[in-house]
Amino acid sequence: MIINSLSYFRSHWTIWTILGVAYKEARWQKLYLINTLMVFLLVSIGYPLHLGLSVFKNDTLADDLKNLTTFVTCLACSIKVTIITFNFDKVYEMQELLKLLDARVSGKDETYIYSQLRAQLRNILIIFITFYIPIAIFAEMSFIYQEERGLMYPAWFPLDWKNSTRNYYIANIYQIVGVSYQLMQNYCSDCFPAVMLCIISSHTKMLYKRFEKIGVKETDDAANQRELEDCITDHKRLIELFRKMESFMSLPMLIQIAVTAVSICVSFAGFIFFVTEPMNRAYFFFYGIAMPLQIFPTCYYGTDTELWFGKIHYAAFSCDWVNQSRSFKKKLMLFVECSLKQNTAMAGGMVRIHVATFFSVLKFAYSLFTILLRMGK
C-alpha cells in the first residue's frame with residue numbers, strides 16, 4: 001500500500017492554484033500575480049462589497065434576509081482566504097512534516113489505520129458536497145422562477161441592469177462566476193483543516209500502535225532504545241504539525257464559528273416567519289442546515305485529535321518496559337511526563353475547536369432566535 005498523505009490535498013492545491021494562493025507553484029510569476037490581484041479585487045473585495053451595499057435596501061424582507069446571509073458568509077470567506085494567503089508558507093512546512101511521518105508507517109495495524117483514513121476523508125468530502133449542491137440548486141431555482149427580472153442574490157451594481165438586457169447579463173454572469181470562486185475559497189478554508197486534523201489523528205493512532213510494539217519481539221536493548229527515540233521523535237513532529245495547523249486555522253475558524261451562529265439564526269427566522277415562496281423557503285432551510293455542517297468536521301476531528309494525544313502516555317506504558325534497561329525506563333518516564341500536557345486546538349486563542357463548541361454554537365444561535373422572537377412580539 002502506497003503511503004502518501006499529500007495525495008489527499010490534490011483538490012485543495014488545484015483550487016489554491018486557481019484562486020492565486022499557491023504563488024510558489026506558478027511557472028510565470030508575473031502573470032500569476034496579475035491573476036491573484038484580479039481575483040482579490042473582483043471577488044474577495046468586490047463580491048462582498050456589491051452585496052453589502054444593498055443590505056436592508058431591497059424591495060422585500062425576503063430579499064433583505066437572503067442578501068444579509070449571503071453578505072455575511074461571503075465577507076467571512078474573503079477575510080479567511082486573505083488570512084490563509086498570508087500564512088500559506090505553513091502549508092509547505094506541514095507537508096514536509098507529513099512526509100516524515102508517512103515514512104514511518106509500517107506493519108499491518110498501521111496500514112489498516114491508514115486504509116481507514118481514506119474512508120474518513122471521503123466522508124468529509126461528502127459532507128461538504130452534500131450541503132453545497134442543494135444551496136446552489138435552490139438559489140438558482142429561486143432565481144429562474146422569479147416573476148420579474150432579478151438577480152440570483154439581491155445586490156448593488158453600478159450598472160442599470162433592470163432596464164438594460166446587456167447589463168442584466170453582465171450582472172448575472174458576475175454573480176455566478178463570483179459565487180463559484182467564493183465556494184472554492186470556502187471549500188479550501190473549511191475543508192483543509194478538517195482533512196489535516198483527520199490525518200493527524202490517524203498518525204497519532206499509528207504512533208500508539210508503534211509504542212505498544214516496543215520490546216515485544218525485539219530483545220536487544222539498544223534496538224529498543226532506538227525505536228523508543230524514534231517514537232519520541234514522531235511524537236514531537238506530530239505536536240509540531242498540530243501546532244502549525246492550529247495557528248494556520250485559528251483566526252479563520254474563529255470567524256467561521258461567529259458567522260455560523262448568526263447565519264443559522266437568520267436563516268431559520270426567514271424560513272419560519274418571513275419567507276413564503278417555496279424555492280426561497282427551501283434555500284433558507286438548506287442554508288440553515290449547511291452552516292453548522294460546515295464547521296462540524298473540523299470540530300469533530302479537533303476532538304478526536306485531542307483524545308488520541310491524551311492517550312499516548314498509556315501507549316508508552318503498554319510496551320514491554322518492565323524488562324528494559326534503566327536508561328530505557330528513564331527516557332520513557334521523561335516522555336510520559338512531557339506527553340501529559342493537554343493538546344487542544346484553539347480558534348483565535350479563545351474558543352476550543354471541539355464538538356462541545358459545535359453544540360455551543362447551536363445553543364447560541366437558538367438564543368439569538370428567541371431574542372428575535374421577543375423583539376417581534
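**Salt bridges, burial and contacts**

Q: What makes the meeting of the side chains of Asp234 and Arg237 a salt bridge?
A: The side chains of Asp234 and Arg237 meet at 4.0 Å, N to O. A salt bridge is a side-chain nitrogen of Lys or Arg within 4 Å of a carboxyl oxygen of Asp or Glu, so the pair Asp234 and Arg237 qualifies. This is a predicted model, in which local features need pLDDT of at least 70 and side-chain atom pairs count only at pLDDT 80 or more, while totals for chains, interfaces and linings use all residues. Residues are numbered from 1 along each chain as its sequence is written, and side-chain values use heavy atoms, with hydrogens and water left out.

Q: Where do Asp234 and Arg237 lie?
A: Both are in helix H7, three residues apart, which is about one turn of the helix. Helices (DSSP runs of H or I, at least four residues) and strands (runs of E, at least two) are numbered from the N terminus.

Q: Why is Arg237 called partly exposed?
A: Its relative accessibility is 25%. Buried means under 20% relative accessible area, exposed means over 50%, and partly exposed is in between (1.4 Å probe, protein chains only). Arg237, at 25%, therefore counts as partly exposed.

Q: Is Asp234 buried or exposed?
A: Asp234 has a relative accessible area of 1% and is therefore buried.

Q: How do you know that Asp234 forms a salt bridge with Arg104?
A: The closest N and O atoms of Asp234 and Arg104 are 2.7 Å apart, which the salt-bridge rule accepts. The two residues are 130 apart: Asp234 is in helix H7 (residues 221-274), and Arg104 is in the loop between helix H4 (89-102) and helix H5 (107-144).

Q: Which residues are linked in a network of salt bridges?
A: The network links Arg104, Glu110, Arg210, Glu227, Asp234 and Arg237. For the whole chain, the count of salt bridges comes to 12.

Q: What makes Asp190 and Lys80 a salt bridge?
A: Their closest N and O atoms are 3.0 Å apart, so the rule for a salt bridge is met. Asp190 lies in helix H6 (residues 165-213) and Lys80 in helix H3 (residues 61-86), so the pair ties together parts that are 110 residues apart in sequence. Asp190 counts as buried because its relative accessible area is 4%. Lys80 has 0% relative accessibility, so this residue is buried too.

Q: How many disulfides does the rule give?
A: The count comes to zero, where a disulfide is a pair of cysteine sulfur atoms within 2.5 Å. For Cys77, the nearest cysteine sulfur is that of Cys74, 6.7 Å away. For Cys231, the nearest is that of Cys319, 8.9 Å away. Neither distance meets the rule, so Cys77 and Cys231 are in no disulfide.

Q: Why is Cys77 called buried?
A: The relative accessible area of Cys77 is 2%, so it counts as buried. For Cys231 the value is 0%, and that residue is therefore buried as well.

Q: How do you know that Met206 counts as buried?
A: Its relative accessibility is 0%, so Met206 counts as buried. Met206 lies in helix H6. Leaving aside neighbours within four places in sequence, Met206 is in contact with Val105, Glu110, Ile113 and Tyr114, contact meaning heavy atoms within 4.5 Å. Met206 and Tyr114 are 92 residues apart along the chain, with 8.1 Å between their C-alpha atoms.

Q: Is His12 buried or exposed?
A: His12 is buried, because its relative accessibility is 1%. His12 lies in helix H1 (residues 10-19). Beyond its neighbours within four places in sequence, His12 contacts Tyr187, Cys188, Cys191, Phe192 and Val195.

Q: How many helices and strands does the chain have?
A: There are 11 helices and two strands, following the pattern α-α-α-α-α-α-α-α-α-α-β-β-α along the sequence. The C-alpha atoms fill a box of roughly 85 × 55 × 30 Å, taken along the principal axes.

Q: How many of the 377 residues count as buried?
A: Of the 377 residues, 50% count as buried. Among contacts with a separation of 6 or more, 79% are between residues 24 or more positions apart.
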